[in-house]
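Grab a coffee and work through these short exercises with the structure open beside you. Try each task before reading its solution.

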Amino acid sequence: MDLDGLLLDEEGAFALSGFQEFTVSLLSRLASLVALEAATPFCVDRICALAWVPRGGHQQLSDRVRKRLYYGWDKESALDNLSSPVADIAVELLQKAAPSPIRRLQKKYVSHVSREACISPCSMMLALVYIERLRHRNPEYLQQISSSDLFLISMMVASKYLYDEGEEEEVFNDEWSAAGKVEVQTMNTLEMNFLRAIDWSLYTDPKELFEVLSWLEGRVAEKQGIQRGWFTYTDLCVLMEQTLWQQAWGQFYQQVAK
């Protein structure tokens with residue numbers, strides 16, 4: 001799963017504008033974090049949760065999503081819309097994936113649809129898997145569809161695949177069309193075009209979802225830390241699991257060890 005490919009600039013370099021500015025000070029702090037990781041039981045549980053099937057089941061996954069994707073710690077509230085940082089990532093990714101200037105995706109639209117259609121974090125992750133498949137298998141489709149329509153239809157198809165079991169939980173096109181402020185016929189056409197473009201390839205191995213979750217966690221932690229000017233302990237834990245930051249830490253360690 002190469003979602004970072006969506007975030008390359010024109011020269012093929014990652015657009016991590018604040019990365020260099022924070023690396024030196026952060027890596028010094030990460031040195032003490034390594035020792036803390038080894039001594040804290042919570043971190044052992046957290047690392048175990050990185051397996052593609054969570055050891056503690058649904059509750060552990062919910063706790064992980066609430067903490068790492070900035071949903072908050074209120075366990076009574078449902079995870080039925082996108083957190084503000086995740087909405088920012090959705091806008092960034094979808095605008096890159098579908099660059100058409102027509103109906104360009106905005107955060108206000110993402111927030112409205114996610115609230116009205118009750119988009120879960122898992123729907124978001126599955127939709128990103130589908131978009132990545134389209135990027136490799138049918139890039140022409142992504143050049144033709146607007147980023148707003150791509151967001152709307154990818155989230156609906158993902159929600160249908162996850163939750164529409166035809167009895168108690170059902171996903172209706174008319175409800176999604178109302179949430180997305182489009183006609184029902186337009187919604188139906190978007191759905192058929194999306195399914196044809198992806199060749200009806202909707203099944204996803206759970207491992208792919210957890211790869212997307214790990215990537216999403218890293219992107220959220222990085223953007224939030226850079227915007228604030230400082231990183232939380234959870235942000236640092238997440239970043240220590242990301243390949244780019246592990247490489248930076250390795251280079252820092254080599255310099256110190258000389």
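**Exercise 1: Getting an overview**

Of the 258 residues in the protein chain, 48% count as buried. Keep in mind that this is a predicted model.

Task: Work out how many helices and strands the protein chain has.

Solution: Start by counting the elements: there are 13 helices and zero strands. Next, read along the sequence, and the pattern is α-α-α-α-α-α-α-α-α-α-α-α-α. Then turn to the contacts between residues at least 6 apart in sequence: 71% of them join residues at least 24 apart.

**Exercise 2: Into the core**

Task: Find which residues touch the most other members of the largest nonpolar core.

Solution: This core has 59 residues, and the ones to pick out are Tyr141, Leu150, Phe151, Ile153, Trp176 and Phe194. Helix H6 (residues 121–137) supplies the largest share of the core, with nine residues. Now zoom in on Tyr141: setting aside neighbours within four places in sequence, its contacts are Leu134, Leu150, Ile153, Leu190, Asn193, Phe194 and Ala197. Finally, look for a second, separate core of six residues, which has Phe231, Val238, Leu239 and Trp245 among its members.

**Exercise 3: Out to the surface**

Task: Decide whether Tyr161 is buried, partly exposed or exposed.

Solution: First locate Tyr161, which sits in helix H8 (residues 147–163). Its relative accessible area is 38%. Buried means under 20% and exposed means over 50%, so Tyr161 is partly exposed. Tyr161 also joins Leu162, Tyr163 and Tyr203 in a nonpolar surface patch, with about 410 Å² of accessible area together. For the whole protein chain, the accessible surface is about 13,300 Å², and 54% of that belongs to carbon and sulfur atoms.

Terms used: Residues numbered from 1 in each chain as written. Predicted model: local features only at pLDDT ≥ 70, side-chain atom pairs only at ≥ 80, totals over all residues. Heavy atoms only, no water. Core = buried A, V, L, I, M, F, W, Y, C linked by side-chain atoms within 4.5 Å. Buried < 20%, exposed > 50% of the residue type's maximum accessible area, 1.4 Å probe, protein only. Helix = DSSP H or I, 4+ residues; strand = E, 2+ residues; numbered from the N terminus. Contact = heavy atoms within 4.5 Å. Areas by Shrake-Rupley, 256 points an atom, 1.4 Å probe, with all protein chains shown as cover. Patch = residues over 30% accessible without salt bridge, like charges linked within 9 Å, V, L, I, M, F, W, Y side chains within 5 Å. Salt bridge = Lys/Arg side-chain N within 4 Å of Asp/Glu carboxyl O.
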